[in-house]
Amino acid sequence: IAANGKVELCAFKDGRWLRLSGTLVNDDRREAKVSMLDAYPGLKKMYSPDDGNTQVLYFKNAEAVLFSFGAPPVTVKF
């Protein structure tokens, strides 16, 4: 991902598909790391915002496509 941030995730549940694609970008802000660790407090035992080992990524130029059998796909860009 560091060499090429273009990624795609696919998921399937109950006859519905999700395909999420875009470019992952590193967010080095301390506030982003604190927010992520606050959202997942179990990780605070292993990581801190200042340890140099905590990384937060966000999608840029992302597109989500939702598929359901028998229905046209729905595309959301963000």
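**Exercise 1. Classify Trp-17 by its accessibility, then examine its aromatic partner.**

Step 1. Trp-17 has 40% relative accessibility, so it counts as partly exposed. Buried means under 20% relative accessible area, exposed over 50%, and partly exposed in between, with a 1.4 Å probe and protein chains only.

Before going on, note that this is a predicted model: local features need pLDDT of at least 70, side-chain atom pairs count only at pLDDT 80 or more, and totals for chains, interfaces and linings use all residues. Residues are numbered from 1 along each chain as its sequence is written, and side-chain values use heavy atoms, with hydrogens and water left out.

Step 2. Count the aromatic pairs. The structure holds 1. Its members are Phe-12 and Trp-17: the ring centres lie 4.7 Å apart and the planes stand at 50°, so the pair is tilted. Rings of Phe, Tyr and Trp (its six-membered ring) pair if their centres lie within 6.5 Å; planes under 30 degrees apart count as stacked, over 60 as edge-to-face, and the rest as tilted.

Step 3. Check the partner. Phe-12 has 46% relative accessibility, so Phe-12 also counts as partly exposed.

**Exercise 2. Lay out the secondary structure and the sheet.**

Step 1. List the elements. The protein has 1 helix and 4 strands. Along the sequence they follow the pattern β-β-α-β-β. Helices (H or I, at least four residues) and strands (E, at least two) are DSSP runs, numbered from the N terminus.

Step 2. Order the strands. The 4 strands form an open sheet, E1-E2-E3-E4, with antiparallel pairing. Two strands pair if DSSP finds at least two bridges between them. Strand E1 (6-13) and strand E4 (71-77) are the edges, and each pairs on one side only.

Step 3. Follow the bridges. Strand E2 (residues 16-26) and strand E3 (residues 57-68) pair over 10 bridges. Ser-21 has Glu-63 in E3 as its bridge partner. E3 and E4 pair over 5 bridges. Ala-64 has Val-76 in E4 as its bridge partner. Glu-63 stands opposite Lys-77 in E4.

Step 4. Inspect the turn. The hairpin of E3 and E4 has 2 residues between the strands, and Gly-70 takes a positive phi near 85° there.

**Exercise 3. Describe the overall form of the protein.**

Step 1. Take the extents. Along its principal axes the C-alpha trace spans about 50 × 25 × 20 Å.

Step 2. Set the radius of gyration against the globule rule. The protein has 16 Å, but a compact globule of 78 residues would have a value near 12 Å. The radius is taken over C-alpha atoms, and the rule is 2.2 Å times the number of residues to the power 0.38.

Step 3. Look at burial. Buried residues make up 21% of the 78 residues.
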